[in-house]
Amino acid sequence: MTLHVNQEKFNLPDGSEVVIETGKLARQANGAVTVRYKNCILLATVVANKEAKEGQGFFPLSVDYQEKYASAGRIPGSFFKRESKLSDYEILISRLIDRALRPLFPEDYLCEVQVLINLISSDETVMPDALACLAASAALAVSDIPIKEMISEVRVSKIDGKIIINPSKQDLKNAHYDFIVAATQTNVMMVEGEAKECSEDELIEAIAVAHEAIKVQIKAQELLRNKLGLTQKRTYNKPLEDETIKNQVHDFAAKKIEEISLQATAKEQRTELYNQLKEACITHLKSLHESESPETKDSTDMKPLSQTDITNLTKKYFEDLKWTVVRNVVIDHKIRLDGRKTNEIRPLYIETDILPSPHGSALFTRGETQSLTTITLGTKLDELMIETAAEANYSRLILHYNFPPFSTGEVKMMRGPGRREVGHGNLALRSIKQVIPLDSFPYTLRIVSDILESNGSSSMATVCASSLALMDAGVPIKEHVSGIAMGLISREDGKYAILSDILGDEDHLGDMDFKVTGTQHGICGVQMDIKVDGLSKEILTEALAQAKEGRLHILKAMQHNIQAPRPDLKPHAPRMEKIIIDKEFIGAVIGPGGKIIQEMQRTTGATITIEEINNRGEVSIFAKEKTALDAALNKIKGIIAVPEVGKIYDGIVKGIKEFGAFVEILPGKQGLLHISEIQWERLETMDGIFKEGDKVTVKLLDIDKTGKYKLSKKILTPKK
């Protein structure tokens, strides 16, 4: 048989080639492509149902990115030896793709769509997440599924002062910043990433460079689609609409929504007022249409609306109207739903050392958003393994974000963390890690943020609470990191409002939602979703400047509570010491079959780990009490110590012969105390002089050519 394969190529800014191909694999999907860069190959497929489910009120899009272990020649380490549920790493990539793709579909398209992206061949130098959205968009482009335009994503990093698109894994380790940017041909859609305190200007420059690279990738998708001769997308049934009901909802509710929005009420009261008005609007519309006969409709071909239709349409038009009215209130009156000014931060309440038993704790409250965060210090044995198809790495920094239903006054099933929790926790983690000296701080760190209240950006509350809790724990972070959630509302007449510290209600209203974290010196993390076309550089610059103002305001409050890390760990916190030893001593510390290290752990109560790094041994000692730590440390120092001629040692008799005694002066190091060196007077026999286990103070006289130690006791006593 003959396969009709088509492909298109383009070059990255460094000249390396990327190939998009369709027609060979997964031909029964509505759209399928492979994207190849070096030896990295991604297969993306997309399938959409022909019809929307009856009563469907939202767009059901699912995006799953998964790495096949065979792509790197590995077998999964799970019990079943097969790929199972998505890892956090895969979920994060899925979220990056989902957030970029979702705005591409028409607002009235409600058919279920499934996008699957699989890594089927891995390259150890290539970061596949930077290519995944390109593959997903290309699969949509070669399908008949309706989309408004094409997109792509790239990674943009600054390394050694140069801005690089899609750097290698190795180069990324030295990056000043690392952002993923998604965009259409004309507009930036999404930005997410981290930085080592970069400036706002650097962020804007990175976005601009990334957008130019994205335009090349979109052009390649267009050329591929043209080769296939695809000119039309499928038709689909659109949701029920009725202009009469839409106008009636506006006439009944518009003014009343504005009045509620100007009252500056609390969230619970405001929600109740909106709900009461919506129910009144439904009742009013039902009564208007109860007496309406089919003949009164504009078209005799149209079926009369049922009461259920009227209810559903009224709810939809009411929410649409509320969205428009509230936005206009904010722009025209410069008053927000809770009465704040556009750049005003909600009241802050900060408390550290709030819990007696954790190794560090903090409570951060901003308005109706609250995070209780704890710090736990662990050993190297507590490290988290992060496994991908290509490799398995270990992390000593763990951050878990929990969002229980009571935080929003709801009742829900308690299940494992969802994609939202994974994404929010990752944003906080990549922000806070910029100030933690992991190279010099030997502990494994687990940060847990429990959201106790939520009305606007609990992820940013997590960043602030984590910074406070780390200082309370005595972790030597460089400085505080804070975060703020921002919003933008714009209108066709050119008027706009930039909102600092947005509410949950305002999150839905905005044309741009973005979160910025950082220290007083620069940005550490960013997550940005842009929903409006043609966002100007001037507005983006103004928004980032206002975000910095809010970030610094919060930092000032945090510094007022705790200015620097506590000088020492909590009294009940475990103690850890790390020492570097020569490679030749690793075996001596471990002992045959681990005998020596196990004995040290048994007798001291400390946990000891040792590994070879850069041709040296790194020994970590972890104990609940300082006495246990010191005991283990002294034993190891004794093992690695090199005996010095002329030095005095407190030894232990290990064996007795007729010619003298063998004395252990350091762990594993014995010397001969000859019978003639015990005392100045002549001894005829060793009988009764020593017994095994006796302590004896000796001086090392000499080390002969064979490495044997010559000891003396009598030289430490005056000659009679």
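At what angle do H9 and helix H11 (residues 537–561) pack, and how far apart are their axes? Point 4 gives the answer. The points before it set the scene.

1. Confidence. This is a predicted model. The chain has a mean pLDDT of 91. Of its residues, 98% reach 70 or more. Among the elements, strand E4 (residues 40–48) has the highest mean pLDDT, 98. Helix H10 (residues 504–509) has the lowest, 82. One stretch calls for care: over residues 293–301 the pLDDT is below 50. Beyond near neighbours in sequence, residues 293–301 have six contacts in the model. Where pLDDT is low, predicted coordinates should not be read in detail.

2. The five-stranded sheet. Five strands form an open sheet in the order E11-E12-E13-E17-E16. The pairing is mixed. Strand E11 (348–352) and strand E16 (397–402) are the edge strands, and each pairs on one side only. From one strand to the next, the twist averages 15°. Look at the E16 end of the sheet. There, E16 and strand E17 (residues 444–453) run parallel and are joined by six bridges. One pair to find by eye is Ile-398 and its bridge partner in E17, Arg-446.

3. Helices on that sheet. Helix H8 (residues 419–432) lies across E16 and E17. H8 runs at about 140° to E16. Helix H9 (residues 458–473) also packs on the sheet. H9 touches E11, strand E12 (360–366), strand E13 (369–378), E16 and E17. The direction of H9 makes about 145° with that of E12.

4. H9 with H11. Here is the answer to the opening question. H9 and H11 pack at an angle of about 25°, and their axes are 11 Å apart. Angles under 35 degrees count as roughly parallel. H9 and H11 are therefore roughly parallel to each other. Their crossing is right-handed. H9 brings Cys-464, Ser-467 and Leu-468 to the contact, while H11 brings Ile-554, Met-558 and Asn-561. By class, the contact has four nonpolar residues, two polar and no charged.

5. H5 with H7. A second helix pair deserves a look. Helix H5 (residues 243–261) packs with helix H7 (residues 307–333) at an angle of about 40°. Their axes are 8 Å apart. That angle makes H5 oblique to H7. The crossing of H5 and H7 is right-handed. On the H5 side, the contact residues include Ile-245, Val-249, Ala-253, Ile-257 and Ser-261. On the H7 side, they include Ile-310, Leu-313, Tyr-317, Leu-321, Val-325 and His-333. Which classes of residue make up this contact of H5 with H7? It has 13 nonpolar, four polar and three charged residues. Lys-246 and Glu-258 of H5 take part, and so does Lys-322 of H7.

6. The three-stranded sheet. Another open sheet has three strands, in the order E22-E24-E23, with antiparallel pairing. Strand E22 (575–582) and strand E23 (607–613) stand at its edges. Each has a single partner strand, so one side of each is left without a neighbour in the sheet. The twist averages 20° from one strand to the next. Eight bridges pair E22 with strand E24 (residues 616–623) in the antiparallel sense. Among the partners, Glu-577 is matched with Ile-621 of E24.

Note on methods
Residues are numbered from 1 along each chain as its sequence is written. This is a predicted model: local features need pLDDT of at least 70, side-chain atom pairs count only at pLDDT 80 or more; totals for chains, interfaces and linings use all residues. Side-chain values use heavy atoms; hydrogens and water are left out. pLDDT is the predictor's confidence in each residue, from 0 to 100. Helices (H or I, at least four residues) and strands (E, at least two) are DSSP runs, numbered from the N terminus. Contact means heavy atoms within 4.5 Å. Two strands pair if DSSP finds at least two bridges between them. Axes are lines fitted to C-alpha atoms, for helices over the stretch in contact, and angles run from 0 to 180 degrees between N-to-C directions. Angles under 35 degrees count as roughly parallel, over 145 as roughly antiparallel, 65 to 115 as roughly perpendicular and the rest as oblique. A crossing is left-handed if the near helix is turned anticlockwise from the far one by less than a right angle, and right-handed if clockwise. Ala, Val, Leu, Ile, Met, Phe, Trp, Tyr, Cys and Pro count as nonpolar, Asp, Glu, Lys and Arg as charged, and the others, Gly among them, as polar.
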